[in-house]
Amino acid sequence: MKVMEIEGQRELSGTIRISGSKNATVALIPAAILTDEEATICNIPEITDTNALCDILQALKVDVKRASESIIINPKQMENIEITEDLSKKLRASYYFMGALLGKFKKAVMYFPGGCSIGARPIDLHLKGFEALGAKIKEENNKYTVEAEELKGANIYLDIASVGATINIMLAAVRAKGTTIIDNAAKEPEIVNVATFLNNMGAKITGAGTSTIKIQGVDSLHKCFHEVIPDRIEAGTYITIGALCGNPLKIDNVIPEHIDALLSKLEEIGVDIEVGADYVSVKKQEKYKPTIIKTAVYPGFPTDLQQPFTILLTQSCGKSKVIETIWENRFMHIPYLRELGANISVNNQTATIVGPTKLKGTEVVATDLRAGAAMVAAGLFAEGKTTITNIEHILRGYEQIVEKLTSVGAKITIKEI
Ligand code: UD1
(Lines give C-alpha, C1' and ligand atoms only; values in the text may rest on other atoms or scores of the structure.)
Protein backbone atom coordinates (compact mmCIF):
# COMPACT_ATOMS: atom_id res chain seq x y z
CA MET A 1 0.00 0.00 0.00
CA LYS A 2 1.21 3.48 -0.88
CA VAL A 3 1.00 6.27 1.70
CA MET A 4 1.91 9.95 1.51
CA GLU A 5 3.84 11.49 4.38
CA ILE A 6 4.03 15.24 4.88
CA GLU A 7 6.05 17.20 7.44
CA GLY A 8 4.01 20.36 7.76
CA GLN A 9 4.58 24.05 8.51
CA ARG A 10 7.25 24.66 5.93
CA GLU A 11 7.10 27.86 3.93
CA LEU A 12 6.73 27.22 0.23
CA SER A 13 8.40 29.53 -2.26
CA GLY A 14 9.21 29.26 -5.94
CA THR A 15 7.13 28.29 -8.95
CA ILE A 16 4.76 25.42 -9.63
CA ARG A 17 3.84 24.85 -13.27
CA ILE A 18 0.31 23.69 -13.94
CA SER A 19 -0.23 20.61 -16.13
CA GLY A 20 -2.85 19.97 -18.79
CA SER A 21 -6.43 19.72 -17.58
CA LYS A 22 -7.48 16.29 -16.35
CA ASN A 23 -11.15 16.85 -17.09
CA ALA A 24 -10.39 18.00 -20.65
CA THR A 25 -7.89 15.18 -21.28
CA VAL A 26 -10.29 12.46 -20.20
CA ALA A 27 -12.79 13.64 -22.84
CA LEU A 28 -10.25 14.43 -25.57
CA ILE A 29 -8.74 10.93 -25.58
CA PRO A 30 -12.08 9.16 -26.28
CA ALA A 31 -13.03 11.98 -28.72
CA ALA A 32 -9.94 11.19 -30.79
CA ILE A 33 -11.44 7.92 -32.04
CA LEU A 34 -14.06 9.89 -33.98
CA THR A 35 -11.57 10.49 -36.78
CA ASP A 36 -10.16 7.69 -38.95
CA GLU A 37 -6.85 9.50 -39.12
CA GLU A 38 -4.21 10.44 -36.58
CA ALA A 39 -4.85 12.88 -33.72
CA THR A 40 -1.94 14.39 -31.82
CA ILE A 41 -2.74 15.92 -28.46
CA CYS A 42 -0.08 17.70 -26.43
CA ASN A 43 0.08 18.90 -22.83
CA ILE A 44 -1.42 15.60 -21.65
CA PRO A 45 -0.97 15.13 -17.87
CA GLU A 46 0.85 12.00 -16.68
CA ILE A 47 -1.85 10.79 -14.28
CA THR A 48 -3.42 7.39 -13.74
CA ASP A 49 -6.72 8.47 -15.38
CA THR A 50 -4.78 9.05 -18.63
CA ASN A 51 -3.28 5.56 -18.36
CA ALA A 52 -6.70 4.01 -17.75
CA LEU A 53 -8.09 5.61 -20.93
CA CYS A 54 -5.06 4.43 -22.93
CA ASP A 55 -5.79 0.90 -21.66
CA ILE A 56 -9.29 1.20 -23.13
CA LEU A 57 -7.89 2.51 -26.43
CA GLN A 58 -5.54 -0.45 -26.60
CA ALA A 59 -8.36 -2.89 -25.85
CA LEU A 60 -10.19 -1.35 -28.84
CA LYS A 61 -7.06 -1.96 -30.96
CA VAL A 62 -6.36 1.75 -31.38
CA ASP A 63 -2.72 2.57 -32.07
CA VAL A 64 -1.46 4.77 -29.20
CA LYS A 65 1.96 6.39 -28.97
CA ARG A 66 2.98 8.42 -25.97
CA ALA A 67 5.94 10.77 -25.81
CA SER A 68 6.59 13.30 -23.07
CA GLU A 69 3.30 15.16 -22.52
CA SER A 70 1.97 14.15 -25.97
CA ILE A 71 -0.18 11.38 -27.25
CA ILE A 72 -0.68 10.26 -30.84
CA ILE A 73 -3.90 8.32 -31.33
CA ASN A 74 -4.51 6.48 -34.58
CA PRO A 75 -7.83 4.61 -34.73
CA LYS A 76 -7.44 3.40 -38.34
CA GLN A 77 -7.37 -0.29 -37.35
CA MET A 78 -9.69 -0.01 -34.35
CA GLU A 79 -12.43 -2.52 -33.63
CA ASN A 80 -15.67 -1.83 -31.82
CA ILE A 81 -15.24 -4.35 -29.03
CA GLU A 82 -17.23 -4.43 -25.78
CA ILE A 83 -15.40 -2.47 -23.06
CA THR A 84 -15.06 -4.82 -20.11
CA GLU A 85 -16.45 -4.03 -16.68
CA ASP A 86 -12.94 -3.85 -15.28
CA LEU A 87 -11.89 -1.15 -17.78
CA SER A 88 -15.22 0.74 -17.57
CA LYS A 89 -14.96 0.97 -13.80
CA LYS A 90 -11.43 2.32 -13.67
CA LEU A 91 -12.66 5.89 -14.01
CA ARG A 92 -15.73 8.03 -14.44
CA ALA A 93 -14.75 9.35 -17.84
CA SER A 94 -14.82 5.91 -19.45
CA TYR A 95 -18.41 6.94 -20.27
CA TYR A 96 -17.12 9.26 -23.00
CA PHE A 97 -16.46 6.11 -25.03
CA MET A 98 -20.24 5.60 -25.09
CA GLY A 99 -20.77 8.82 -27.04
CA ALA A 100 -17.64 8.44 -29.15
CA LEU A 101 -18.28 4.80 -30.16
CA LEU A 102 -21.93 5.55 -30.81
CA GLY A 103 -20.93 8.54 -32.96
CA LYS A 104 -18.42 6.50 -34.94
CA PHE A 105 -19.91 2.97 -35.16
CA LYS A 106 -23.55 3.66 -34.12
CA LYS A 107 -23.01 1.12 -31.36
CA ALA A 108 -21.30 1.07 -27.95
CA VAL A 109 -21.21 -1.71 -25.38
CA MET A 110 -19.76 -0.94 -21.97
CA TYR A 111 -20.48 -0.97 -18.24
CA PHE A 112 -21.52 1.71 -15.76
CA PRO A 113 -18.46 3.89 -15.16
CA GLY A 114 -16.40 4.10 -11.96
CA GLY A 115 -14.89 7.22 -10.36
CA CYS A 116 -15.04 8.98 -7.01
CA SER A 117 -18.02 8.15 -4.75
CA ILE A 118 -19.11 11.75 -4.32
CA GLY A 119 -22.76 11.10 -5.11
CA ALA A 120 -25.07 8.77 -7.01
CA ARG A 121 -23.68 10.09 -10.32
CA PRO A 122 -26.43 8.83 -12.63
CA ILE A 123 -25.99 8.94 -16.42
CA ASP A 124 -29.67 9.36 -17.31
CA LEU A 125 -29.10 12.68 -19.11
CA HIS A 126 -26.39 11.14 -21.30
CA LEU A 127 -28.73 8.28 -22.22
CA LYS A 128 -31.71 10.58 -22.87
CA GLY A 129 -29.49 12.57 -25.22
CA PHE A 130 -28.43 9.43 -27.11
CA GLU A 131 -32.08 8.37 -27.36
CA ALA A 132 -33.05 11.77 -28.75
CA LEU A 133 -30.45 11.20 -31.47
CA GLY A 134 -32.12 7.90 -32.38
CA ALA A 135 -30.30 5.33 -30.23
CA LYS A 136 -31.93 2.43 -28.40
CA ILE A 137 -30.56 1.59 -24.99
CA LYS A 138 -30.48 -1.79 -23.29
CA GLU A 139 -29.24 -2.12 -19.71
CA GLU A 140 -28.66 -5.43 -17.99
CA ASN A 141 -26.59 -5.87 -14.82
CA ASN A 142 -24.85 -2.52 -15.33
CA LYS A 143 -23.97 -3.38 -18.93
CA TYR A 144 -25.18 -0.83 -21.46
CA THR A 145 -25.74 -1.51 -25.13
CA VAL A 146 -26.41 1.73 -26.98
CA GLU A 147 -27.23 1.26 -30.63
CA ALA A 148 -28.74 3.23 -33.52
CA GLU A 149 -29.56 2.40 -37.12
CA GLU A 150 -28.99 6.03 -37.91
CA LEU A 151 -28.14 9.01 -35.72
CA LYS A 152 -30.21 12.07 -36.53
CA GLY A 153 -29.72 15.59 -35.16
CA ALA A 154 -32.23 16.62 -32.48
CA ASN A 155 -33.09 19.43 -30.06
CA ILE A 156 -31.99 18.31 -26.59
CA TYR A 157 -32.71 20.19 -23.37
CA LEU A 158 -30.62 19.11 -20.38
CA ASP A 159 -32.55 19.19 -17.10
CA ILE A 160 -29.22 19.81 -15.35
CA ALA A 161 -26.26 21.58 -17.00
CA SER A 162 -24.16 18.41 -16.79
CA VAL A 163 -20.55 18.54 -17.98
CA GLY A 164 -20.47 14.83 -18.82
CA ALA A 165 -23.81 14.79 -20.64
CA THR A 166 -22.96 17.92 -22.66
CA ILE A 167 -19.67 16.43 -23.88
CA ASN A 168 -21.06 12.94 -24.46
CA ILE A 169 -23.97 14.24 -26.56
CA MET A 170 -21.54 16.40 -28.54
CA LEU A 171 -19.44 13.29 -29.27
CA ALA A 172 -22.45 11.29 -30.42
CA ALA A 173 -23.88 14.15 -32.52
CA VAL A 174 -20.77 15.24 -34.34
CA ARG A 175 -21.18 12.71 -37.16
CA ALA A 176 -24.99 12.46 -36.99
CA LYS A 177 -27.21 13.50 -39.91
CA GLY A 178 -28.49 17.06 -39.53
CA THR A 179 -28.27 19.57 -36.72
CA THR A 180 -28.29 18.97 -32.96
CA ILE A 181 -28.95 21.73 -30.47
CA ILE A 182 -28.08 21.21 -26.80
CA ASP A 183 -29.93 23.67 -24.56
CA ASN A 184 -28.99 24.33 -20.94
CA ALA A 185 -25.57 22.95 -21.89
CA ALA A 186 -22.76 23.14 -19.33
CA LYS A 187 -20.31 26.00 -19.97
CA GLU A 188 -17.09 24.69 -18.41
CA PRO A 189 -13.80 25.59 -20.20
CA GLU A 190 -13.14 21.86 -20.72
CA ILE A 191 -16.23 21.71 -22.96
CA VAL A 192 -14.84 24.53 -25.08
CA ASN A 193 -11.51 22.68 -25.31
CA VAL A 194 -13.22 19.50 -26.52
CA ALA A 195 -15.36 21.42 -29.06
CA THR A 196 -12.22 23.15 -30.37
CA PHE A 197 -10.54 19.76 -30.78
CA LEU A 198 -13.53 18.36 -32.69
CA ASN A 199 -13.70 21.50 -34.87
CA ASN A 200 -9.97 21.15 -35.59
CA MET A 201 -10.83 17.69 -36.94
CA GLY A 202 -13.55 19.15 -39.18
CA ALA A 203 -16.62 19.14 -36.93
CA LYS A 204 -19.07 22.05 -37.07
CA ILE A 205 -19.78 23.05 -33.48
CA THR A 206 -20.72 26.56 -32.39
CA GLY A 207 -21.73 28.00 -29.04
CA ALA A 208 -19.49 25.87 -26.78
CA GLY A 209 -18.98 27.87 -23.60
CA THR A 210 -22.57 29.19 -23.74
CA SER A 211 -25.74 27.41 -22.69
CA THR A 212 -26.75 26.65 -26.30
CA ILE A 213 -24.46 24.47 -28.39
CA LYS A 214 -25.20 23.83 -32.07
CA ILE A 215 -23.67 20.82 -33.81
CA GLN A 216 -24.04 20.40 -37.56
CA GLY A 217 -23.29 16.77 -38.34
CA VAL A 218 -20.43 15.97 -40.74
CA ASP A 219 -19.64 12.69 -42.53
CA SER A 220 -16.07 12.29 -41.40
CA LEU A 221 -13.31 13.90 -39.34
CA HIS A 222 -9.68 14.33 -40.34
CA LYS A 223 -6.30 14.40 -38.61
CA CYS A 224 -5.37 17.22 -36.28
CA PHE A 225 -3.04 18.63 -33.67
CA HIS A 226 -4.45 19.93 -30.40
CA GLU A 227 -3.31 21.29 -27.04
CA VAL A 228 -4.97 20.60 -23.68
CA ILE A 229 -5.80 23.73 -21.65
CA PRO A 230 -4.13 24.19 -18.23
CA ASP A 231 -5.91 22.45 -15.35
CA ARG A 232 -7.93 25.09 -13.50
CA ILE A 233 -8.62 22.75 -10.58
CA GLU A 234 -4.95 21.84 -10.12
CA ALA A 235 -4.17 25.58 -10.32
CA GLY A 236 -6.83 26.39 -7.73
CA THR A 237 -5.52 23.68 -5.41
CA TYR A 238 -1.95 25.04 -5.46
CA ILE A 239 -3.15 28.64 -5.16
CA THR A 240 -5.07 27.63 -2.03
CA ILE A 241 -1.94 25.89 -0.71
CA GLY A 242 -0.06 29.14 -1.46
CA ALA A 243 -2.53 31.07 0.69
CA LEU A 244 -1.75 28.66 3.55
CA CYS A 245 2.03 28.29 3.15
CA GLY A 246 3.29 30.51 0.29
CA ASN A 247 6.11 32.98 0.80
CA PRO A 248 5.39 33.67 -2.05
CA LEU A 249 4.27 30.76 -4.20
CA LYS A 250 3.90 31.41 -7.93
CA ILE A 251 1.51 29.23 -9.89
CA ASP A 252 2.45 29.36 -13.55
CA ASN A 253 0.64 28.35 -16.77
CA VAL A 254 -2.77 29.43 -15.51
CA ILE A 255 -5.69 30.98 -17.39
CA PRO A 256 -6.85 33.37 -14.63
CA GLU A 257 -10.32 33.92 -16.11
CA HIS A 258 -11.01 30.18 -15.63
CA ILE A 259 -10.65 30.64 -11.88
CA ASP A 260 -12.35 34.01 -11.41
CA ALA A 261 -14.75 32.69 -8.76
CA LEU A 262 -11.86 31.34 -6.68
CA LEU A 263 -9.76 34.49 -7.08
CA SER A 264 -12.55 36.78 -5.94
CA LYS A 265 -13.20 34.60 -2.85
CA LEU A 266 -9.48 34.67 -2.03
CA GLU A 267 -9.45 38.46 -2.32
CA GLU A 268 -12.60 38.67 -0.19
CA ILE A 269 -11.01 36.78 2.71
CA GLY A 270 -7.84 38.89 2.47
CA VAL A 271 -5.30 36.71 0.65
CA ASP A 272 -2.29 38.60 -0.72
CA ILE A 273 -2.52 37.72 -4.38
CA GLU A 274 -0.96 38.96 -7.62
CA VAL A 275 -2.63 37.97 -10.88
CA GLY A 276 -0.59 38.11 -14.09
CA ALA A 277 -1.47 37.22 -17.68
CA ASP A 278 -0.71 33.52 -17.15
CA TYR A 279 0.27 33.21 -13.49
CA VAL A 280 -0.97 33.82 -9.96
CA SER A 281 1.38 34.54 -7.08
CA VAL A 282 0.21 34.08 -3.48
CA LYS A 283 1.67 34.96 -0.10
CA LYS A 284 0.24 33.63 3.14
CA GLN A 285 -1.19 36.07 5.68
CA GLU A 286 -1.50 35.76 9.44
CA LYS A 287 -5.26 36.42 9.48
CA TYR A 288 -8.11 35.72 7.07
CA LYS A 289 -11.73 36.85 7.11
CA PRO A 290 -14.56 34.28 7.08
CA THR A 291 -16.85 33.86 4.07
CA ILE A 292 -19.62 31.79 2.51
CA ILE A 293 -18.90 29.52 -0.44
CA LYS A 294 -21.72 28.08 -2.51
CA THR A 295 -20.65 25.66 -5.22
CA ALA A 296 -22.26 26.12 -8.64
CA VAL A 297 -21.84 25.21 -12.28
CA TYR A 298 -19.24 27.25 -14.19
CA PRO A 299 -18.60 30.17 -13.88
CA GLY A 300 -19.68 29.70 -10.24
CA PHE A 301 -17.40 28.44 -7.48
CA PRO A 302 -16.25 24.95 -8.58
CA THR A 303 -17.32 22.03 -6.41
CA ASP A 304 -13.90 20.49 -7.10
CA LEU A 305 -12.20 23.33 -5.17
CA GLN A 306 -14.61 23.39 -2.25
CA GLN A 307 -12.69 20.71 -0.33
CA PRO A 308 -9.17 22.25 -0.55
CA PHE A 309 -10.65 25.73 0.10
CA THR A 310 -12.17 24.48 3.37
CA ILE A 311 -8.65 24.11 4.80
CA LEU A 312 -8.13 27.83 4.26
CA LEU A 313 -11.42 28.58 6.01
CA THR A 314 -10.17 26.75 9.13
CA GLN A 315 -7.74 29.70 9.37
CA SER A 316 -10.36 32.45 8.95
CA CYS A 317 -11.30 34.39 12.09
CA GLY A 318 -14.96 33.59 12.68
CA LYS A 319 -17.68 31.47 11.14
CA SER A 320 -17.55 30.39 7.47
CA LYS A 321 -19.93 28.21 5.52
CA VAL A 322 -19.50 25.90 2.55
CA ILE A 323 -22.73 25.02 0.75
CA GLU A 324 -22.39 22.12 -1.67
CA THR A 325 -25.04 22.14 -4.39
CA ILE A 326 -23.65 19.71 -6.99
CA TRP A 327 -22.74 16.48 -5.20
CA GLU A 328 -24.59 14.98 -2.24
CA ASN A 329 -21.56 13.23 -0.77
CA ARG A 330 -18.76 15.75 -0.87
CA PHE A 331 -18.02 16.24 2.82
CA MET A 332 -16.17 12.98 3.41
CA HIS A 333 -13.01 14.94 4.23
CA ILE A 334 -14.66 16.70 7.17
CA PRO A 335 -14.22 13.92 9.82
CA TYR A 336 -10.49 13.86 9.00
CA LEU A 337 -10.22 17.64 9.25
CA ARG A 338 -11.78 17.38 12.70
CA GLU A 339 -9.12 14.84 13.66
CA LEU A 340 -6.51 17.36 12.53
CA GLY A 341 -8.08 19.89 14.91
CA ALA A 342 -10.58 21.82 12.78
CA ASN A 343 -13.87 22.99 14.27
CA ILE A 344 -16.42 21.96 11.62
CA SER A 345 -19.99 20.74 11.70
CA VAL A 346 -22.07 19.49 8.80
CA ASN A 347 -25.80 19.87 8.45
CA ASN A 348 -27.32 18.49 5.25
CA GLN A 349 -25.33 20.08 2.42
CA THR A 350 -23.73 22.84 4.50
CA ALA A 351 -20.47 22.73 6.42
CA THR A 352 -19.91 25.37 9.10
CA ILE A 353 -16.30 26.10 9.94
CA VAL A 354 -15.25 28.13 12.96
CA GLY A 355 -11.70 29.41 12.93
CA PRO A 356 -8.93 29.90 13.38
CA THR A 357 -7.84 26.56 14.80
CA LYS A 358 -4.44 24.97 14.99
CA LEU A 359 -4.05 21.89 12.82
CA LYS A 360 -1.91 19.01 14.06
CA GLY A 361 -0.71 16.19 11.81
CA THR A 362 -2.22 12.74 12.18
CA GLU A 363 -3.29 9.76 10.02
CA VAL A 364 -5.98 10.65 7.48
CA VAL A 365 -7.60 9.11 4.42
CA ALA A 366 -8.00 10.49 0.89
CA THR A 367 -11.64 9.44 0.45
CA ASP A 368 -11.82 10.86 -3.09
CA LEU A 369 -9.65 12.87 -5.45
CA ARG A 370 -10.35 16.40 -4.21
CA ALA A 371 -10.74 15.29 -0.59
CA GLY A 372 -7.21 13.93 -1.07
CA ALA A 373 -6.06 17.33 -2.34
CA ALA A 374 -7.61 18.86 0.78
CA MET A 375 -5.65 16.42 2.96
CA VAL A 376 -2.42 17.43 1.21
CA ALA A 377 -3.19 21.13 1.80
CA ALA A 378 -4.01 20.39 5.45
CA GLY A 379 -0.86 18.30 5.91
CA LEU A 380 1.35 21.04 4.47
CA PHE A 381 -0.13 23.57 6.89
CA ALA A 382 -0.41 21.35 10.00
CA GLU A 383 2.17 20.99 12.73
CA GLY A 384 4.09 17.69 12.63
CA LYS A 385 3.57 14.67 10.44
CA THR A 386 0.43 13.88 8.42
CA THR A 387 0.11 10.44 6.83
CA ILE A 388 -2.42 10.05 4.04
CA THR A 389 -3.71 6.66 2.89
CA ASN A 390 -5.79 5.79 -0.22
CA ILE A 391 -3.54 8.12 -2.21
CA GLU A 392 -4.37 6.40 -5.49
CA HIS A 393 -7.28 8.87 -5.58
CA ILE A 394 -4.83 11.79 -5.52
CA LEU A 395 -2.58 10.25 -8.19
CA ARG A 396 -5.58 9.93 -10.52
CA GLY A 397 -5.68 13.69 -10.90
CA TYR A 398 -2.51 15.47 -9.80
CA GLU A 399 0.55 15.08 -12.03
CA GLN A 400 3.86 14.79 -10.15
CA ILE A 401 2.35 16.23 -7.00
CA VAL A 402 5.27 15.15 -4.81
CA GLU A 403 7.90 16.51 -7.22
CA LYS A 404 6.05 19.81 -7.70
CA LEU A 405 5.63 20.43 -3.97
CA THR A 406 9.16 19.26 -3.11
CA SER A 407 10.57 21.73 -5.66
CA VAL A 408 9.07 24.65 -3.70
CA GLY A 409 10.28 23.48 -0.30
CA ALA A 410 7.69 20.98 0.96
CA LYS A 411 8.71 17.84 2.81
CA ILE A 412 6.49 15.25 1.21
CA THR A 413 7.14 11.65 0.18
CA ILE A 414 5.27 8.61 -1.04
CA LYS A 415 6.18 5.38 0.73
CA GLU A 416 5.26 1.79 0.07
CA ILE A 417 4.25 0.11 3.34
C1 UD1 B 1 -17.57 16.75 -14.02
C2 UD1 B 1 -16.15 16.72 -13.51
C3 UD1 B 1 -16.12 16.73 -11.99
C4 UD1 B 1 -16.94 17.91 -11.45
C5 UD1 B 1 -18.33 17.94 -12.08
C6 UD1 B 1 -19.10 19.19 -11.69
C7 UD1 B 1 -15.08 15.41 -15.25
C8 UD1 B 1 -14.42 14.15 -15.63
N9 UD1 B 1 -15.51 15.50 -13.99
O10 UD1 B 1 -18.19 15.55 -13.54
O11 UD1 B 1 -14.77 16.87 -11.59
O12 UD1 B 1 -17.07 17.78 -10.06
O13 UD1 B 1 -18.24 17.91 -13.51
O14 UD1 B 1 -18.40 20.32 -12.04
O15 UD1 B 1 -15.17 16.34 -16.02
N16 UD1 B 1 -26.34 14.41 -13.23
C17 UD1 B 1 -27.52 13.72 -13.36
N18 UD1 B 1 -27.69 12.93 -14.47
C19 UD1 B 1 -26.73 12.81 -15.44
C20 UD1 B 1 -25.53 13.52 -15.30
C21 UD1 B 1 -25.36 14.32 -14.18
O22 UD1 B 1 -28.41 13.81 -12.52
O23 UD1 B 1 -26.95 12.08 -16.41
C24 UD1 B 1 -26.14 15.26 -12.04
C25 UD1 B 1 -25.02 14.73 -11.15
O26 UD1 B 1 -25.48 13.74 -10.26
C27 UD1 B 1 -24.56 16.01 -10.46
C28 UD1 B 1 -24.79 17.09 -11.51
O29 UD1 B 1 -25.68 16.53 -12.47
O30 UD1 B 1 -25.39 16.28 -9.35
C31 UD1 B 1 -23.54 17.54 -12.23
O32 UD1 B 1 -22.88 16.42 -12.79
P33 UD1 B 1 -21.94 16.52 -14.07
O34 UD1 B 1 -21.76 17.95 -14.46
O35 UD1 B 1 -22.44 15.56 -15.07
O36 UD1 B 1 -20.58 15.97 -13.50
P37 UD1 B 1 -19.54 15.03 -14.20
O38 UD1 B 1 -19.50 15.32 -15.66
O39 UD1 B 1 -19.71 13.62 -13.74
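In the predicted model, Thr 291 is located in the loop that connects β16 (279-283) with β17 (292-294). The relative accessible area of Thr 291 is 5%, so this residue is classed as buried, the cut-off being under 20%. A polar contact of 3.2 Å links the side chain of Thr 291 to the side chain of Lys 265. When neighbours within four places in sequence are set aside, the contacts of Thr 291 comprise Lys 265, Glu 268, Ile 269, Phe 309, Leu 313, Ser 320 and Lys 321.

A second buried position is found in strand β6 (residues 107-111), where Met 110 is placed. Met 110 has a relative accessibility of 0% and therefore counts as buried. Met 98 lies twelve residues from Met 110 along the chain, and the C-alpha atoms of the two residues are separated by 7.3 Å. Met 98 is also among the residues that Met 110 touches once those up to four places away in sequence are excluded. The others in this set are Ile 83, Ser 88, Ser 94, Tyr 95, Phe 97, Asn 142, Lys 143 and Tyr 144.

Helix α5 (residues 124-132) contains the buried residues Leu 125, His 126, Leu 127, Gly 129 and Phe 130. The elements covering these residues include the helices α4 (96-105) and α6 (163-173), together with the strands β7 (136-140), β8 (143-147) and β9 (155-157). Gly 134 follows α5 and has a positive phi, near 115°.

Helix α5 also contributes to the surroundings of the ligand, supplying three residues to the shell, the most of any element. At least two shell residues come from each of α1 (22-31), α5, α6 and α10 (303-313). In total, 18 residues surround the ligand, and the closest are Asp 124, Leu 125, Ser 162, Asp 304 and Ile 326.

Several polar atoms of the protein lie beside those of the ligand. For Asp 124, a polar side-chain atom is 2.7 Å from a ligand nitrogen atom. For Leu 125, a polar backbone atom is 2.8 Å from an oxygen atom of the ligand. Val 163 likewise places a backbone N or O atom 2.8 Å from a ligand oxygen atom. The ligand taken alone exposes 740 Å², of which the protein buries 88%. The space that the ligand takes is the largest pocket.

Technical notes:
Residues are numbered from 1 along each chain as its sequence is written. This is a predicted model: local features need pLDDT of at least 70, side-chain atom pairs count only at pLDDT 80 or more; totals for chains, interfaces and linings use all residues. Side-chain values use heavy atoms; hydrogens and water are left out. Buried means under 20% relative accessible area, exposed over 50%, partly exposed in between (1.4 Å probe, protein chains only). Helices (H or I, at least four residues) and strands (E, at least two) are DSSP runs, numbered from the N terminus. Contact means heavy atoms within 4.5 Å. A residue is near a molecule or strand if one of its heavy atoms lies within 4 Å of it. A polar contact is a pair of N or O atoms within 3.5 Å; within protein, one must be able to donate a hydrogen and the other to accept it, and residues adjacent in sequence count only if both atoms are side-chain atoms. Accessible areas come from the Shrake-Rupley method with a 1.4 Å probe; for residues, only the protein chains shown count as cover. On a 1 Å grid over the protein atoms alone, a cavity is a set of points where a 1.4 Å probe fits but cannot get out, and a pocket is an open set with protein on both sides within 12 Å along at least five of seven lines; lining residues have an atom within 4 Å of a point. A molecule sits in a cavity or pocket if more than half of its atoms lie within 2 Å of its grid points.
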